[in-house]
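Follow the structure below from one charged side chain outwards, to its partner, to other charge pairs, and then to the nonpolar interior.

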Amino acid sequence: MASQDWFDKDFYKVLGVKKDVTPAELKKTYRKLARKYHPDSNPGDAKAEATFKDISEAYSVLNDPEQRKEYDAVRAMGSGARFTAPGGSSAGGFDDVFGGMFGGGARGTSTSYQQADFEDILGGVFGRSGGFGQSTGGYRGYGGPTPGRDVTASTTIDFLTATKGDQITLQTAEGRTIKVNIPAGVADGQKIKLRGKGHPSPDGGPAGDLVLTVAVRKHPVFDRDGLNLRVNVPVTFVEATLGATIEVPTLGGDPVKLRVAPGTPSGRVLRVKGRGVSTSKGTGDLLAVVQVAVPSHLSAEARAALEHFHELEPHENPRDDLLLRAKG
């Protein structure tokens, strides 16, 4: 953004807030205005679109603590300030200093710089010792163009998309749409960097990056365990005792059949090779955790049969070993 833009534009007035507005109040106000003037809510209304761009520009500066501090410092210097280089030349005017730092008058972009007061600005452009020719990294002719600022964002995707991968579409606060390729196996909380999708450079350099944090919705059946998928599979007491062949669900595919061996205890893990998460680093397995289901209702005949079984089963206490180990 050109220096004159920061001198002339009152971002607080654009958003209708006071200079001491809190971040929470600022965000609430912006969201209300964005909903009101968004192009989708005002199709064909050029005035509403221009207002939406103005409030988005104002919010992008005031919502960034560092930029807000810099903006307040620039505004405090007063509009129309100038200085003259030695010899009376108009070259090196105050506009030129900020023009170089903010892209030579490019409108609609913003950047961050560490120097806020007048002495620091000159020190950054001409070198701390006052000598000319030291690189600043942002002033034209002194270190080359500066890259645009990175942008952070977040999105929530479903479990299947995170596991299999897919392309999603995001919309920025300015109304731009960005297509994002979600890689297979992305984990909850993982960050994806999209190069060149951030803020444009203020002076012809490369655009910044978009750093996207991904949140993954819970699945009602499956859980991630590294590259493996874990699922709890209930079996009956008879199936666990005598053995059985059961069906186990897979993610996004047909069920598979598994053999439950006779005498399988609750908690035993049955593995299905290659039916987990598939990524460039490898493919995981499906882990079926056996859970013995206890019937909550029994008929009189079933109860009598179970009591008869109890009389015939080995009279062993399955907790003997637990109690012994607990004693140390």
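Arg 195 has a relative accessibility of 66% and therefore counts as exposed, the threshold being over 50%. The model in which this residue sits is a predicted one. The side chain of Arg 195 forms a salt bridge with that of Asp 209, at 3.6 Å from N to O. Both residues belong to the loop between strand E4 (191-194) and strand E5 (210-216), so the pair ties together parts that are 14 residues apart in sequence.

Is Asp 209 buried or exposed? Its relative accessibility is 11%, so Asp 209 counts as buried, the limit being under 20%. The salt bridge thus has one exposed member, Arg 195, and one buried member, Asp 209. The side chain of Asp 209 also has a polar atom 3.1 Å from the backbone nitrogen of Gly 196. Leaving out residues up to four places away in sequence, Asp 209 touches Arg 149, Asp 150 and Val 151, and also Lys 193, Leu 194, Arg 195, Gly 196, Lys 197 and Gly 198.

The general background to such pairs is brief. Side chains of opposite charge can pair when their charged atoms come close. In this protein the count of salt bridges comes to 8.

Another of these pairs is formed by the side chains of Lys 273 and Asp 285, at 3.8 Å from N to O. This pair links distant parts of the chain, 12 residues apart: Lys 273 lies in the loop between strand E10 (269-272) and strand E11 (278-279), and Asp 285 in the loop between strand E12 (282-283) and strand E13 (286-293). Lys 273 counts as exposed because its relative accessibility is 65%, while Asp 285, at 9%, counts as buried. The pair does not stand alone, since Arg 271, Lys 273 and Asp 285 are linked in a network of salt bridges.

A further salt bridge joins the side chains of Arg 325 and Asp 321, at 2.8 Å from N to O. Both residues are in helix H11 (residues 320-326), and because they are 4 residues apart, about one helical turn separates them. Arg 325 is exposed, with a relative accessible area of 56%. Asp 321 has a relative accessible area of 44%, so it is partly exposed.

From the charged pairs the path leads to a strand. Ser 154 is found in strand E1 (residues 151-157), and at 61% relative accessibility this serine counts as exposed. Which residues does Ser 154 touch, not counting residues up to four places away in sequence? They are Leu 212 and Thr 213. Ser 154 and Thr 213 are 59 residues apart along the chain, yet their C-alpha atoms are separated by 4.6 Å.

Strand E1 (residues 151-157) also takes in Ile 157, one of the residues with the most contacts inside the largest nonpolar core. That core has 34 residues, and Val 180, Ile 246 and Val 248 are also among those with the most contacts. Domain 2 (151-216) and domain 3 (219-327) both give residues to the core, so it lies between them. Neighbours within four places in sequence aside, Ile 157 is in contact with Ala 162, Ile 168, Ile 182 and Val 186, as well as Val 214, Ala 215, Val 216 and Arg 217. Apart from this core lies another, of 16 residues, including Leu 15, Phe 52, Tyr 59 and Tyr 71. As a general point, nonpolar side chains tend to be buried together in soluble globular proteins.

Elsewhere in the chain, Lys 27 lies in helix H3 (residues 23-37) and counts as partly exposed at 37% relative accessibility. Lys 27 and Leu 62 are 35 residues apart in sequence and 9.7 Å apart in space, C-alpha to C-alpha.

The whole-protein totals complete the picture. The secondary structure comes to 11 helices and 13 strands. Of the 328 residues, 35% count as buried. Among contacts with a separation of 6 or more, 55% are between residues 24 or more positions apart. The accessible surface comes to about 19,700 Å², and carbon and sulfur atoms account for 52% of that surface.

Notes: Residues numbered from 1 in each chain as written. Predicted model: local features only at pLDDT ≥ 70, side-chain atom pairs only at ≥ 80, totals over all residues. Heavy atoms only, no water. Core = buried A, V, L, I, M, F, W, Y, C linked by side-chain atoms within 4.5 Å. Buried < 20%, exposed > 50% of the residue type's maximum accessible area, 1.4 Å probe, protein only. Domains from an automatic or database assignment. Contact = heavy atoms within 4.5 Å. Helix = DSSP H or I, 4+ residues; strand = E, 2+ residues; numbered from the N terminus. Areas by Shrake-Rupley, 256 points an atom, 1.4 Å probe, with all protein chains shown as cover. Salt bridge = Lys/Arg side-chain N within 4 Å of Asp/Glu carboxyl O. Polar contact = N/O pair within 3.5 Å; in protein donor to acceptor, adjacent residues only side chain to side chain.
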